[in-house]
Amino acid sequence: MAETDRLTESTDWIDLEFVQRERTPREIIKKGIRHHLAGLSLSNTVILLEELGVERSRTAVHNWVQKANLQPKGGESPDRVAVDQKSIRINDEQYWLYAAVDPETNRILHSRLFPTYTIAIAREFLTELVEKHDVKDAVFLVDNADDLIGGLRQEGLSYRIQPHGYRNQVERVFREVERRTSSFSNCFSHVDPATAETWLQAYAVWWNHV
């Protein structure tokens, strides 16, 4: 995609309620957020903004993403939901990213970051998902992960073990997250887990709008 095309893509999904006396034009802030979430490192996003005539630091771009507090919207009612968890590293410590994806639309329904994976954790994630979306009658597609199967059983949710097919959609999300976090380590180095989770939530919103 040409750079000029990328610059004209919609940024209406970015809410800038946090901006009060920011000296940077709102449209520039939106472009910075969107391009960083779309794949540019903080350093390259700064270079892009400089090309647009605005000089801002990597910290400024990082803070824009954090303060925007973007989160996937609720209210979906899919027939199937692909769920999985993936280990990622934050400051050389291991965490687990749980995600639920509508395999028909490829939209991320819900994602959370946890310090471990257990049936209780999976159940907490699923409870939040049910509160956010109308998925009580959906069929959940999982691999043979004991924590997710145990959580689904305890929540009384229908599931089917399906290593491939529709469940590949959630694997696609994880592959992209893994690629992004390994491509520019400044995302999950020298940050606390809450900061990393905020970035992941914002990334999910971007993912749902491309």
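Colleague: Not counting residues up to four places away in sequence, what does Asn144 touch?

Modeller: With those sequence neighbours left out, Asn144 touches Ile149 and Ile161. Keep in mind that this is a predicted model.

Colleague: What makes these pairs count as touching?

Modeller: The cut-off is heavy atoms within 4.5 Å. Asn144 meets this with Ile149 and with Ile161.

Colleague: Where does Asn144 lie?

Modeller: Asn144 is in the loop between β4 (139-142) and α6 (146-155). Pro163 is 19 residues away from Asn144 in sequence, and the two C-alpha atoms are 7.8 Å apart in space.

Colleague: Why is Asn144 called exposed?

Modeller: The relative accessible area of Asn144 is 60%. Exposed means over 50%, so Asn144 is exposed.

Colleague: Which residues of α6 are buried?

Modeller: They are Asp147, Leu148, Ile149, Gly150, Gly151 and Leu152. Each has a relative accessible area under 20%, because that is what buried means.

Colleague: What do the buried residues of α6 pack against?

Modeller: Their partners are β1 (80-90), β2 (93-102), α5 (119-132), β4 and β5 (158-161). Just after α6 comes Gly156, with a positive phi of about 70°.

Colleague: What order do the strands of the open sheet have?

Modeller: The order is β3-β2-β1-β4-β5. The sheet has five strands and mixed pairing.

Colleague: Why do β3 and β5 stand at the edges?

Modeller: Each has a single partner strand, so one side of each is left without a neighbour in the sheet. From one strand to the next, the twist averages 30°.

Colleague: What makes the pairing mixed?

Modeller: Take the strand pairs in turn. β1 and β4 run parallel. β1 and β2 pair in the antiparallel sense. β2 and β3 also run antiparallel. The sheet holds both senses, hence the pairing is mixed.

Colleague: How do you know that β1 and β4 pair?

Modeller: Pairing needs at least two bridges. Three bridges join β1 to β4, so the pair passes the cut-off. One example is Ala82, whose bridge partner in β4 is Leu141. Ala82 also stands opposite Val101 in β2.

Colleague: How many bridges do β1 and β2 pair over?

Modeller: Nine. The two strands form a hairpin with two residues between them. In the turn, Asn91 has a positive phi of about 55°.

Colleague: How many bridges join β2 to β3?

Modeller: Seven. Ala99 has Ser111 as its bridge partner in β3. On this sheet packs α5, touching β1, β2, β3 and β4, and its direction makes about 145° with that of β3. α8 packs on the sheet too, touching β1, β2 and β3, with its direction at about 170° to that of β3.

Colleague: How many cavities of 30 Å³ or more does a search of the whole structure find?

Modeller: Two. The largest holds about 60 Å³ of space. Its lining is Leu97, Ala99, Ile108, Ser111, Val173, Val177, Leu200, Tyr203 and Ala204. Two or more of these residues come from each of β2, β3 (107-114), α7 (168-183) and α8 (193-208). α8 gives the most, with three residues.

Colleague: What makes it a cavity and not a pocket?

Modeller: In a cavity a probe fits but cannot get out, while a pocket is an open set.

Colleague: How do the residues of the lining of the largest cavity divide?

Modeller: Eight are nonpolar, one is polar and none is charged. Ser111 is in the lining, and Ser counts as polar because it is outside the nonpolar and charged groups.

Colleague: Which residues line the second largest cavity?

Modeller: Pro72, Lys73, Glu76, Arg107, Ile108, Leu109, His133 and Asn208 do. About 30 Å³ of space lies there. β3 gives the most to this lining, with three residues. The division is three nonpolar, two polar and three charged.

Colleague: Why is Asn208 called buried?

Modeller: Asn208 has a relative accessible area of 11%. The limit for buried is under 20%, so Asn208 is buried. Asn208 lies in helix α8. Leaving aside neighbours within four places in sequence, Asn208 is in contact with Pro72, Asn106, Arg107 and Ile108.

How values were computed: Residues numbered from 1 in each chain as written. Predicted model: local features only at pLDDT ≥ 70, side-chain atom pairs only at ≥ 80, totals over all residues. Heavy atoms only, no water. Helix = DSSP H or I, 4+ residues; strand = E, 2+ residues; numbered from the N terminus. Buried < 20%, exposed > 50% of the residue type's maximum accessible area, 1.4 Å probe, protein only. 1 Å grid on protein atoms, 1.4 Å probe; cavity = no way out; pocket = protein on both sides within 12 Å on 5 of 7 lines; lining within 4 Å. Points joined across faces, edges and corners; volume = space filled by probe spheres on them. Axes fitted to C-alpha atoms, helices over the stretch in contact; angles between N-to-C directions.
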